[in-house]
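Here are some exercises to work through with the structure open in your viewer. Try each task yourself before you read the solution below it.

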Amino acid sequence: GIGGVASSHGATKHDPDKVKFSVTRSVAEMNNKTATNVEVFFGDWISNPLEERFLNKLLRDLRRRGVQALVFANLQARGRNAQRQIDFFILTDARLVHVELKSLSQTAPLHGGANGYWIQDFGGGRTRSLEVNPYRQAHEGTYALSDLVTDLVKRLLLPLDGPFYRHVDTVVCIDPEIPDGSVLDSYPHVKAVGYAELLDRL
C-alpha cells in the first residue's frame, strides 16, 4: 500500500535494480552477491551523506541478522495539519518504527527535553543547538504518517484496528550513539535511542 507512494523515481518493490542504485556502491555490490531480505522504497533520493551512511549501515546489519524488513526512506507525509518529512519508516515482523535521525558528534554531551532546543556542549563555552526539537519533530511526523495511512485505508475500504499511530514505535535515533554525559528528558510516546538500541528493537 505505502509502496505505491514511496518512490517518485520508480524505485519500487518491482524494480530492484533502481532500488540498489539509490544506495551507495558497496551495498549495491553486496546485493549482487547475496539474496536480500530487505527492500528499500524512496520518496526521493537521499542527498545527505550522513543519512546515506546510516541507511547503508542499517541495510548491512539487518541482512547480517536475517531480519525481514521494508525500509521507507526520505518520505513526505501530508497530515491533516501539515506536511512532514520522514527520515525512515521501517517495517519488520516485530515492529513498525518511525525513525527521526540525528547524526551527532560523539565528543559533546547532548541536553534536551520536550520543550526548547536540544544543545550539544563542546566545552569552553562552545555549544551547538539543534534547530528543531527532535521529540516534537518525531511525534508530529508519526501523526502525519498516521493520517496518510488512515486516509489510504478508508479509500480502499480496508479495516483498520484503531488509530494507526498506536501501532508505530517512534524514536529519535542519535547516530552512532547517545554521547556520554548526555541528559535527555523523557517524552511520552517517543524514545531517544542510539543506533545499537534501534537495531535491537527491529
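**Exercise 1: a hairpin**

Which residue takes a positive phi in the hairpin of S6 and S7?

Solution. Keep in mind throughout that this is a predicted model.
- Start with the strands: S6 covers residues 119–123 and pairs with S7 in the antiparallel sense, over four bridges.
- Next, follow the bridges. Ile119 has Ser129 in S7 as its bridge partner, and Gln120 is matched with Arg128 in S7.
- Now look at the turn. Two residues lie between the strands, and Gly124 is the one with a positive phi, near 65 degrees.

**Exercise 2: the sheet around the hairpin**

Find the order of the four-stranded open sheet and work out which strands stand at its edges.

Solution.
- Recall first that strands of a sheet pair through backbone hydrogen bonds, either parallel or antiparallel.
- Reading across, the order is S7-S6-S5-S9, and the pairing is mixed.
- S7 and S9 (183–184) each have a single partner strand, so they are the edge strands, and one side of each has no neighbour in the sheet.

**Exercise 3: the six-stranded sheet**

Trace the open sheet of six strands and describe its edges, its twist and one of its strand pairs.

Solution.
- The strands run in the order S1-S2-S3-S4-S8-S10, with mixed pairing.
- At the edges are S1 (38–42) and S10 (190–194); each has a single partner strand, so one side of each is left without a neighbour in the sheet.
- From one strand to the next, the twist averages 30 degrees.
- For a pair, take S4 and S8 (residues 169–175), which run parallel and share seven bridges. His98 shows one such link: its bridge partner in S8 is Thr170.

**Exercise 4: a helix and its tyrosine**

Where does helix H4 lie, and is Tyr135 buried or exposed?

Solution.
- Helix H4 (residues 134–155) lies across S2 (69–78), S3 (83–92), S4, S8 and S10, and it runs at about 145 degrees to S4.
- Tyr135 is found in this helix.
- Apply the cut-off: buried means under 20% relative accessible area. Tyr135 has 2% relative accessibility, so Tyr135 counts as buried.
- Then list its surroundings. Leaving out residues up to four places away in sequence, Tyr135 touches, among others, Gly113, Trp118, Val172, Leu184, Tyr187 and Val190.
- Take Trp118 from that list: Tyr135 and Trp118 are 17 residues apart in sequence, and 9.6 Å separates them C-alpha to C-alpha.

**Exercise 5: the largest pocket**

Which residues lie nearest the centre of the largest pocket, and how many line it?

Solution.
- The pocket holds about 340 Å³ of space.
- Its lining has 15 residues, with Asn48, Leu101, Lys102, Ser103 and Arg128 nearest the centre.
- By type, the lining residues are five nonpolar, four polar and six charged.
- H3 (49–65), S4 (96–103) and S7 (126–129) each supply at least two of the lining residues. S4 gives the largest share, with four.

**Exercise 6: the whole chain**

Now step back: how many helices and strands does the protein have?

Solution.
- The secondary structure comes to five helices and 10 strands.
- Of the 202 residues, 46% count as buried.
- Finally, consider contacts between residues at least 6 apart in sequence: 58% of them join residues at least 24 apart.

Methods
Residues numbered from 1 in each chain as written. Predicted model: local features only at pLDDT ≥ 70, side-chain atom pairs only at ≥ 80, totals over all residues. Heavy atoms only, no water. 1 Å grid on protein atoms, 1.4 Å probe; cavity = no way out; pocket = protein on both sides within 12 Å on 5 of 7 lines; lining within 4 Å. Points joined across faces, edges and corners; volume = space filled by probe spheres on them. Nonpolar A, V, L, I, M, F, W, Y, C, P; charged D, E, K, R; others polar. Pairing = 2+ DSSP bridges. Axes fitted to C-alpha atoms, helices over the stretch in contact; angles between N-to-C directions. Contact = heavy atoms within 4.5 Å. Buried < 20%, exposed > 50% of the residue type's maximum accessible area, 1.4 Å probe, protein only.
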